[in-house]
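Reader: I'd like to go through this one slowly and ask why things get the labels they get. Can you walk me through it?

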Amino acid sequence: MPTTLSSARVERYARDGFLSPIAALTPAGAAGCRRQLEAFEQAVGGPLTSPGIDDPYRSRTHVLLAWVHALVSHPAILDAVEDLIGPDLLVYTSTWFIKEAASPAIAAWHQDATYFGLRPHVHVTAWLALTDATADNGCMEFLPGSQRRGQLPHRAGVVAASVNRAGQAVTLEIDDAPAVHAPLRAGEFSLHHTLCLHRSQPNRSPGRRIGLAISYIPTSAQHLGVEHKMPAMLVRGRDTFGHFKLEPAPAADFDDAARAAYARSYEGYRASYAEQVALEGR
């Protein structure tokens, strides 16, 4: 079993609900990924933040693009995640979180678990920075230990200019005095527990802030959707449980097989997400 994380860091994750920073890509590697992202955006008609473009291509591109699949299966990330949740790992979804220069986009306090419908609550999010993420351009902020509060009530569609398209926020009043900024250099990543409260502020800088959030779960986890056996991609180990429809890795960017797999993947994910939003709102 990998020991990328020291025992002290594993204990810190259990205590605080997050870890940051952890190294993955070199600066040159992160710059290369930014160029590939820009080429992808040009191919689909513009920045993923443009109206009408970021749906569907903002999510699950690890099923469509071989270079994104290489990111979600990067050994440095998988080794760290394995230290937390074991050797048999699925990617449940991945999402681009991009804030354009001088963008008002924010994420309000929320928990990732709310609309995913996964149990038990062992899902780990890796947030991989392709540009420097700073307090000035809206890096992640965490509330240490907040995962121990359990699932909190949320409401969707209540946050204007939300970088999270659900526009979700916790409905309880949150004391943000102990909030911790988690700046990252391009190529570094953070890890956070699915119940750890987090947010991000506007981008007040003259450059883009680009991050890829990757949702990892052990193969033993289950999805509670009443109508859908959700797709997920095996990236390490074996799946002896069969709780998810296993997705193929893309052989090449945008090839016919990847396009077909992506269409199925995105349709299943969006249907399940809408179901979870409706259930939470009742």
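Author: What follows is a round of questions and answers on a predicted model.

Reader: Let's begin with Phe-40. Why is Phe-40 said to be buried or exposed?

Author: The relative accessibility of Phe-40 is 4%. Buried means under 20%, so Phe-40 counts as buried.

Reader: And what makes Tyr-57 buried, exposed or partly exposed?

Author: Tyr-57 comes out at 22% relative accessibility. Buried needs a value under 20% and exposed one over 50%, so Tyr-57 counts as partly exposed.

Reader: Why is the pair of Phe-40 and Tyr-57 called edge-to-face?

Author: Two values settle that. The ring centres are 5.6 Å apart, and the limit for a pair is 6.5 Å. The planes meet at 85°, and edge-to-face means over 60 degrees, so the label fits. A search of the whole structure turns up 13 aromatic pairs.

Reader: What does the pair of Phe-40 and Tyr-57 tie together?

Author: Phe-40 belongs to helix α2 and Tyr-57 to helix α3 (residues 54-57), so the pair ties together parts that are 17 residues apart in sequence.

Reader: How do you know that Tyr-57 and Phe-254 form a pair, and of which kind?

Author: Same recipe. Centre to centre, the rings of Tyr-57 and Phe-254 are 6.2 Å apart, within the 6.5 Å limit. The angle between the planes is 75°, over the 60 degrees required, which makes this pair edge-to-face. Phe-254 is in the loop between β15 (245-246) and α6 (256-281), so here the pair ties together parts that are 197 residues apart in sequence.

Reader: Back to helix α2. How do you know what span to expect for α2?

Author: Helix α2 covers residues 27-44, which is 18 residues. At 1.5 Å a residue the expected span is 26 Å, and the helix reaches 26 Å from its first C-alpha to its last. The buried residues of α2 include Ala-30, Cys-33, Leu-37, Phe-40 and Val-44. Just after α2, Gly-45 takes a positive phi of about 110°.

Reader: Why is α5 described as largely enclosed?

Author: Ten of the eleven residues of α5 are buried, so the helix is largely enclosed by the rest of the structure. Among the buried ones are Ile-77, Asp-79, Glu-82, Asp-83 and Ile-85. Just after α5 comes Gly-86, with a positive phi of about 105°.

Reader: Which residues stand out in the largest nonpolar core?

Author: That core has 48 residues, and Ile-77, Trp-96, Phe-189, Leu-191 and Tyr-216 touch the most other members. Helix α5 (residues 75-85) gives the most to this core, with seven residues. Leaving out residues up to four places away in sequence, Ile-77 touches Ala-24, Leu-71, Ala-126, Leu-128, Phe-189, Ile-214 and Tyr-216. Another core, of 15 residues, lies apart from it and has Phe-18, Met-140, Ala-182 and Ala-213 among its members.

Reader: Polar side chains next. What makes His-69 buried or exposed?

Author: His-69 sits in helix α4 (residues 66-72). Its relative accessibility is 18%, under the 20% cut-off, so His-69 counts as buried. Beyond its neighbours within four places in sequence, His-69 is in contact with His-62, Met-233, Ala-249 and Pro-250.

Reader: And why does Gln-276 count as buried or exposed?

Author: Gln-276 lies in helix α6. Its relative accessible area is 9%, under 20%, so Gln-276 is buried. Not counting residues up to four places away in sequence, Gln-276 touches Tyr-115, Phe-116, Gly-117, His-223, Leu-224 and Gly-225. Tyr-115 and Phe-116 also belong to one aromatic cluster with Tyr-92, Phe-244, Tyr-269 and Tyr-273.

Reader: Last topic, the sheet. Why do β1 and β15 stand at the edges?

Author: The open sheet has seven strands in the order β1-β10-β5-β12-β2-β14-β15, with mixed pairing. β1 (18-23) and β15 each have a single partner strand, so one side of each is left without a neighbour in the sheet.

Reader: What makes the pairing in this sheet mixed?

Author: β1 and strand β10 (residues 188-193) pair in the antiparallel sense over four bridges, whereas β14 and β15 pair in the parallel sense over two. Ala-23 stands opposite Glu-188 in β10, and the bridge partner of Pro-231 in β15 is Lys-245.

Note on methods
Residues numbered from 1 in each chain as written. Predicted model: local features only at pLDDT ≥ 70, side-chain atom pairs only at ≥ 80, totals over all residues. Heavy atoms only, no water. Core = buried A, V, L, I, M, F, W, Y, C linked by side-chain atoms within 4.5 Å. Buried < 20%, exposed > 50% of the residue type's maximum accessible area, 1.4 Å probe, protein only. Contact = heavy atoms within 4.5 Å. Expected span 1.5 Å × (residues − 1). Phe/Tyr/Trp six-rings, centres within 6.5 Å; stacked < 30°, edge-to-face > 60°. Pairing = 2+ DSSP bridges.
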